[in-house]
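Biologist: Please take one part of this model and go through it closely, starting from how the strands are put together and working outwards. Keep to what can be read from the coordinates.

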Amino acid sequence: MTNPSDGATDGAKPEYPAKADYEQYLRRLPKVELHCHVEGTLRPATVVELAAKHKIALPTTEVDEIYRYSTIYEFLEIYAAVNSTVIDREDFARIAYETLQDGVELGNLKYREMFFNPTLHTARGIPMATVIDGLIDGAKAAETDFGVSCAFIADVYRRTRRRWRGRWSRRYSRTAGRS
Ligand SMILES: [Zn+2]
C-alpha cells in the first residue's frame, strides 16, 4: 500500500489514510440495518451442516459452491434448497444468531430490523411457533453475547392466499416485532 505522502519532501501534501485503513474505518462505524431478510443470510457452512443433520440432499456440499448461480431462477432454487435445511427451533435460533454475529463482526452492527417469511416455512410443514420462537431465541442470545438489538418483521409474499395473509399479520406482527 502506497501512502500518497510518500516521496513528499516539502511536507505540504495532505496525508491521506491508506485505503485499507479507510475500509477498516467504514467497517467500524456503528451500523443500523433496516432491510435484511434472515433467509438470505445463511452461512454456507451452516447450510451444509444443517443439511447433514437432517439428511437433506443439496445440489452441492462444497461450501464455496452453495451460493453459485448465474440467473434469478437458479438463485430461487438455491434459496429454496438452503431454507429447506432449517427445520427445528434450534436451527432457527442458529441462523438468527449467526447472521447477527456476522453483522457485528463484519460491520459493527448495533441494530437490525430483520424480515422473516412465515409462509416460506409453514408451507413446508414447519409450525409457526417453531419459526418465531427459534428466531427470537437466536436474537436474544446475540443481544446477550454481542450487544446487538434486533426486531423482526413478518414478510408475506403477495401471492400467498389473502385468508392466510390477514390471519398471520394480525396474529404475529405484534409478537414478532419484539425480541
Ligand atoms: Zn426485501
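Modeller: Two strands count as paired if DSSP finds at least two bridges between them. With that in hand, take Glu113: its bridge partner is Ala151 in strand 3. The model is a predicted one, and everything below should be read as a description of that prediction.

The bridge between Glu113 and Ala151 belongs to a longer run. Strand 2, residues 109-116, pairs with strand 3 in the parallel sense, and six bridges join the two. Tyr111 contributes to the same picture, standing opposite Ser149 of strand 3. Strand 2 is also paired with strand 1, again in the parallel sense, here over five bridges. At that border Glu33 stands opposite Arg112 in strand 2. Strands of a sheet pair through backbone hydrogen bonds, in either a parallel or an antiparallel arrangement.

Put together, the three strands make an open sheet in the order 1-2-3, with parallel pairing. Its edges are strand 1 (31-37) and strand 3 (149-154), each of which pairs on one side only. Averaged over neighbouring strands and ignoring direction, the turn of one strand against the next is 15 degrees. In a regular strand the side chains alternate between the two faces of the sheet.

The sheet sits in a chain of seven helices and three strands. In sequence order the elements follow the pattern α-β-α-α-α-β-α-α-β-α. Among contacts between residues at least 6 apart in sequence, 75% join residues at least 24 apart. Of the 179 residues in the chain, 36% are buried. The chain exposes about 11200 Å², with carbon and sulfur atoms supplying 53% of that area.

The next element to look at is helix 4, residues 89-107, which lies across strand 1, strand 2 and strand 3. Relative to strand 2, helix 4 runs at about 145 degrees. Several salt bridges involve this helix, and they are best taken one by one. The whole structure holds 11 salt bridges.

Start with Asp102. Its side chain meets that of Arg43 in a salt bridge, at 2.8 Å from N to O. Asp102 is in helix 4, while Arg43 is in the loop between strand 1 and helix 2 (44-54), so the pair links parts of the chain 59 residues apart. Both ends count as partly exposed, Asp102 because its relative accessibility is 22% and Arg43 because its relative accessible area is 25%. The two residues are also members of a salt-bridge network, in which Arg43, Glu49, Arg94, Glu98 and Asp102 are linked.

Asp91 is another helix 4 residue with a charged partner. Lys53 forms a salt bridge with Asp91, and their closest N and O atoms are 2.6 Å apart. Lys53 belongs to helix 2 and Asp91 to helix 4, with their positions 38 residues apart in sequence. Here the two ends fall in separate classes: Asp91 is buried, because its relative accessibility is 1% and the limit for buried is under 20%. Lys53, at 44%, is partly exposed.

Arg89 carries the third pair, a salt bridge with Asp133 at 3.8 Å from N to O. Asp133 lies in helix 6 (residues 128-146) and Arg89 in helix 4, so this bridge ties together parts that are 44 residues apart in sequence. Relative accessibility is 32% for Asp133, which therefore counts as partly exposed. Arg89 falls in the partly exposed class at 36%.

One last feature concerns the segment leading into strand 1. Leu29 is in the loop between helix 1 (19-28) and strand 1. Together with Tyr22, Tyr25 and Leu26, Leu29 forms a nonpolar patch on the surface, with about 390 Å² of accessible area in total. Leu29 itself is partly exposed, because its relative accessibility is 33%.

Conventions. Residues numbered from 1 in each chain as written. Predicted model: local features only at pLDDT ≥ 70, side-chain atom pairs only at ≥ 80, totals over all residues. Heavy atoms only, no water. Helix = DSSP H or I, 4+ residues; strand = E, 2+ residues; numbered from the N terminus. Axes fitted to C-alpha atoms, helices over the stretch in contact; angles between N-to-C directions. Contact = heavy atoms within 4.5 Å. Buried < 20%, exposed > 50% of the residue type's maximum accessible area, 1.4 Å probe, protein only. Areas by Shrake-Rupley, 256 points an atom, 1.4 Å probe, with all protein chains shown as cover. Patch = residues over 30% accessible without salt bridge, like charges linked within 9 Å, V, L, I, M, F, W, Y side chains within 5 Å. Salt bridge = Lys/Arg side-chain N within 4 Å of Asp/Glu carboxyl O.
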